[in-house]
Amino acid sequence: MNGLRKIWMIAAGLWCLMTASAQTVDSIGWRSVFTEPQLAGLIETALERNADLRTANLNVVQAEAQLKAARLSLLPSLTVGAEGNLQSTKGLPTQKTYNIPVTMQWEVDLAGRLRGENRTAVANYWSTAETERAVRLQLIAAVATHYYQLVMMDEQLAATATTTVRTRRSRAIQPVRLWLSSV
C-alpha cells in the first residue's frame, strides 16, 4: 500500500507541475503546490544558491536604479555649496568671507527625450523583473521535475528488487515442485 501512495504522490506532483501555469505558481506560491518537506528544502536551497537567479536579482536592482535616475531627470536639480575664506593681514583684523552659492537647473523636455528615456527605463525594469521571475519559476520547475523523476526511479528500483526476490524464491521452489509432481 505504501508503494501505491508514493505512486499517487508522484502522479499528483507531476500533474500539478504540468497543469499549473506560471501565473498560478507565482500567485499562490510554490510552497502551496509542492508541499513535501524534502522537495521544499531542495527548492529553497536551489533558490538560495543558484548563480543565474542571483544574477537576475542583481539585474533587477540595477534596472530599479536606472528607473529612479530616469525619473529624477524629469525633476529640477538643486545644487547647494558652501565656501569660507579667512584672510589675515599684519596689523589689520582678520577678514572672514562666506559664500553659499545655490544653483537650480531644470531641463525643459520640449522634444520628449526625457519622457522617452523614462518610458524606456520603465520597460527595461519590467522586462528585467519578468526575466528574474521566469528564471525563478524555471528553477523551481526543474528541481521539482528532477525530484519526482528520482522518486519515481526509486519506486521502480524497489519494485524491481521485489520482483527479483520473488523470482529467486520461485526458482528455488521449482526443483521441489518438480520432485513433488514426479512422486
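Colleague: Which residue meets Glu132 in a salt bridge?
Modeller: This is a predicted model. Both partners lie in helix H6, 4 residues apart, so they are separated by about one helical turn. The N to O distance is 3.5 Å, under the 4 Å allowed for a salt bridge. The partner of Glu132 is Arg136.

Colleague: Is Glu132 buried or exposed?
Modeller: The cut-off for buried is under 20% relative accessible area. Arg136 has 22%, so Arg136 is partly exposed. Glu132 has 13%, so Glu132 is buried.

Colleague: Which residue pairs with Glu130 in a salt bridge?
Modeller: Side chains of opposite charge can pair when their charged atoms come close. Here the N to O distance is 2.9 Å. The two residues are 3 apart in helix H6, so about one helical turn separates them. The partner of Glu130 is Arg133.

Colleague: Is Arg133 buried or exposed?
Modeller: Glu130 has a relative accessible area of 41%, so Glu130 is partly exposed. For Arg133 the value is 15%. Buried means under 20%, so that value puts Arg133 in one class. Arg133 is buried.

Colleague: Which salt bridge links distant parts of the chain?
Modeller: The structure holds 3 salt bridges. In this one, a residue of helix H4 meets a residue of helix H3, 13 residues apart. The N to O distance is 3.0 Å. The H4 partner has 31% relative accessibility, so it counts as partly exposed. The pair is Glu44 and Arg31.

Colleague: Which helix gives the largest share of the largest nonpolar core?
Modeller: This core has 16 residues. Trp30, Phe34, Leu39, Ile43 and Leu47 touch the most other members. Helices H3, H4 and H6 each give two or more residues. The largest share, 7 residues, comes from H6.

Colleague: How many residues are in the other core?
Modeller: This core lies apart from the largest one. Val60, Ala63, Leu67 and Tyr125 are among its members. In soluble globular proteins, nonpolar side chains tend to be buried together. The count for this core is 6 residues.

Colleague: Which residues does Thr128 contact, leaving aside its neighbours within four places in sequence?
Modeller: Thr128 sits in helix H6. Its relative accessibility is 15%, so Thr128 counts as buried. Two of its contacts, Val60 and Ala63, are also members of the 6-residue core. The contacts are Asn59, Val60 and Ala63.

Colleague: What accessible area does the nonpolar surface patch have?
Modeller: Its residues are Leu78, Val80, Ile100, Val102, Met104 and Trp106. Strands E1 and E4 each give two or more of them. Val80 is in strand E1. At 56% relative accessibility, over the 50% cut-off, Val80 counts as exposed. Together the patch residues have about 710 Å².

Colleague: What share of the chain's exposed area do carbon and sulfur atoms supply?
Modeller: Buried residues make up 20% of the 183 residues. The chain exposes about 14,000 Å². Carbon and sulfur atoms supply 59%.

Colleague: In what order do the elements run from the N terminus?
Modeller: The chain has 6 helices and 4 strands. Among contacts between residues at least 6 apart in sequence, 68% join residues at least 24 apart. From the N terminus on, the order is α-α-α-α-α-β-β-β-β-α.

Notes:
Residues numbered from 1 in each chain as written. Predicted model: local features only at pLDDT ≥ 70, side-chain atom pairs only at ≥ 80, totals over all residues. Heavy atoms only, no water. Core = buried A, V, L, I, M, F, W, Y, C linked by side-chain atoms within 4.5 Å. Buried < 20%, exposed > 50% of the residue type's maximum accessible area, 1.4 Å probe, protein only. Salt bridge = Lys/Arg side-chain N within 4 Å of Asp/Glu carboxyl O. Patch = residues over 30% accessible without salt bridge, like charges linked within 9 Å, V, L, I, M, F, W, Y side chains within 5 Å. Areas by Shrake-Rupley, 256 points an atom, 1.4 Å probe, with all protein chains shown as cover. Contact = heavy atoms within 4.5 Å.
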